[in-house]
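Dear colleague,

I am passing on the structure that we spoke about, and I would be glad if you could look through it alongside the notes below.

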Amino acid sequence: MENAFAPISEACVKALSDKTYDKRKMAALEIEKMVTEFNAKKNMTQVERIIDVLSKDFVRSNDLNKKKGGLIALAATSIALGKDTERFIEDIVNPILNCLMDSDMRVRYFASESLYNVVKVSRGSVLPFFPSLFNALSRLVTDPDHNIKNGSEILDRLLKDIVIESSQTFDLDAFIPLVRERIMVKSSFARQFIISWISVLNAVPEINMVVYLPEILHGLFQMLEDPLPEIQRMCESLLAQFLKIIKADPGAADILKMTNLLIVLAQSNNLLIQFYAITWIKEFVQLYGGEILCFTSGIFTAILPCLAFESESKKSIKDCANAVNLHLLELVSGSEDKQRNLSYLDLNSVMEVLRQYLVHSPVPTKIAVLKWVHHLFTEVHDEMSEHANKLFPVLLRDSLSDSSDEVVLQAIVVLAEIVNSATVQGADFDQTQYRQFLVELLNLFSESNTFLEKRGTLIIRQLCRLLNAEYIYRTFAEILLEERISLKIASTMVRTLNMILLTTSDLFDLRNMLRDIRNEKSASLFECLYKCWTHCPVSTLSLCLLAQCYQHVSEIVCLFADMEITVDFLVEIDKMVQLIESPIFASLRLTLISHENDNADAVHLSRALYGVLMLLPQTEAFHLLNNRLQCVPNYWGQPNKISKSTIQSQGKVKFDELFTYFKYMQDLHHQKRIEKRKKNQF
């Protein structure tokens, strides 16, 4: 009967199917000798027949020993053929590749060993099968068997060498999809395999991997979260290599796709991924300048929350985010190519993001947002004007109510800039923007008396530093007189404004203006404030002392005898006495010994202060004022000899009308107190 496995002898077939490795190995050597002879005689038909038998009857057999023998024999065939393996490469490689997925561990091991020998002989001729080889290797590196894994590493190194040798003809377009399919794997071994391949190809001068970087960048960053430090280091090194290439040739990279990816990655919960993503963004901002401003809104989403990081583990991320923020600020305000840079800025999307982060964000984030808003109003005033109306409610309702003083102060800086930018500068006081803003602010104070008491001073002082203090005070006074505001809020507001006026160094010029009511403008301001200040009698007294209207002060003090002396009233008097001892009232104290106007101002002031002294119970304030008055010489003569020429008389203020208004307002407040008591009784 004819041998079905010819030209392989029956003895050889039996040995190739034996359960012992040595016999299978001897049979494979016999086949190698046969193939060598056939190849030397150019008898390729017989060679083809041997490969066919080994493939169909052995490698594809269900008998495990036959499979193992067939795999060894195919490798021996390839060794015998040498370079001529190329003619039969498909018939040799495909059966072996199929065995790499076999359920039997030993079959997989022999398949990997056989494939190594075939690849080693055929070299570049296996490249058409690279996708299949790469697929096989990506599975072998995760194989649970240690020997198979080690064997796959040897095969992997060999294949890399071959690819490097053939770099000019290597099909990179076919390789990238293979990487892209596997780059999101979770296995550390598979990740190591992918990283190593990308690193090797990236190191080849003829291969430009940066072009394909957007397709694999996300996966590379995800590998930074691997629990194995070795994988993290490999990934960090690879990313550093790519960044170095981009910095050397910025035009080689697709910044549009990569920046969008980096913005997403910069919001990762993994600190290492977040740090490297923001680091790349920082480098891109420095590399591409104004062009990167088209991503500003996205970058804000990535970096603004990071500015609030406090833990030591997040310090590097915070520092990097701060650096990005500063670079972006410089791009917007830089003198070089400023207009070109601003053309990339999508102001609508930027402002939308900034408004979102003004609410429910940590303090450092809010501060950064407010500084950005102020910066934009400074740099692109015209373009920002349309955003003022949307910003106003957020700044007023949220930022000014913030628990952080720093946020409140910075919010006022922004509000002041908005008000200033929208106000037509001129000599006239018709400043509608000021009024609109202060009305809104006063409404906010009215809604919460606690807010006014806790934050009123801080807010008003900051406003006076940034805006025109005279306009601020005059407008507040007019609003309090004209608007329907509760008497309690009005009196609290007046006390707040009065205390700021008498204690803040920033209001030095305003105080000097009020000290000279002989000036028509000063007199007008005094009258405006006086009418408003009547909501608080002691504040009215303080204002008149500041304006040196000492005769009127003495008249008001006399009126106090007919008024209801409340605890709040005594507290206010106590504070006023303390203020008289402050540097701001140094001129008042000197007036007590002044001989100007034939001592008239000194006499009226002395009488007024003695009147205040008589109103006080014998507290610390009483003794303080009493000690001051003991230092005053008593040489003014009789009352009928007092000169009628005083600072007050030299002005054009109608004090009679003001006095009448003062009494009216005190009666109004008294009636309100009576009504309140009656309600409380029921």
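What follows is a short account of the core, two helix pairs, one covered helix and a few backbone details.

This is a predicted model, in which local features need pLDDT of at least 70 and side-chain atom pairs count only at pLDDT 80 or more, while totals for chains, interfaces and linings use all residues. Residues are numbered from 1 along each chain as its sequence is written, and side-chain values use heavy atoms, with hydrogens and water left out.

The largest nonpolar core (buried Ala, Val, Leu, Ile, Met, Phe, Trp, Tyr and Cys residues joined through side-chain atoms within 4.5 Å) has 243 residues, and those touching the most other members are Phe175, Phe221, Trp280, Leu376, Leu400, Tyr473 and Phe526. Buried here means under 20% relative accessible area, exposed over 50%, and partly exposed in between, with a 1.4 Å probe and protein chains only. Leaving aside residues up to four places away in sequence, Phe526 is in contact (heavy atoms within 4.5 Å) with Leu514, Ile517, Leu543, Cys544, Ala547, Cys549, Val653, Phe655 and Leu658.

Leu543 and Cys544 also appear among the buried residues of helix α29. This helix, residues 537–546, is mostly covered, with 10 of its 10 residues buried; helices are DSSP runs of H or I, at least four residues, numbered from the N terminus. After α29 comes Gln548, whose phi is positive, near 65°.

Helix α11 (residues 213–222) packs against helix α13 (residues 255–265) at an angle of about 20°, with the axes 9 Å apart; axes are lines fitted to C-alpha atoms over the stretch in contact, and angles run from 0 to 180 degrees between N-to-C directions. The angle makes α11 roughly parallel to α13, a label for angles under 35 degrees. On the α11 side the contact is made by Leu213, Pro214, Leu217, His218, Phe221 and Gln222, and on the α13 side by Lys257, Met258, Leu261, Leu262 and Leu265.

Helices α23 (residues 432–447) and α25 (residues 469–482) pack at about 60°, with their axes 10 Å apart. They are therefore oblique to each other, the term for angles that are not under 35, over 145 or 65 to 115 degrees.

Three backbone details may merit a look. The peptide bond from Ala6 to Pro7 is cis, with omega near 10°. Lys42 has a positive phi near 60° and is exposed, at 61% relative accessible area. His360, in the loop between α18 (347–357) and α19 (363–379), has a positive phi near 55°.

With best wishes

Technical notes:
Helices (H or I, at least four residues) and strands (E, at least two) are DSSP runs, numbered from the N terminus.
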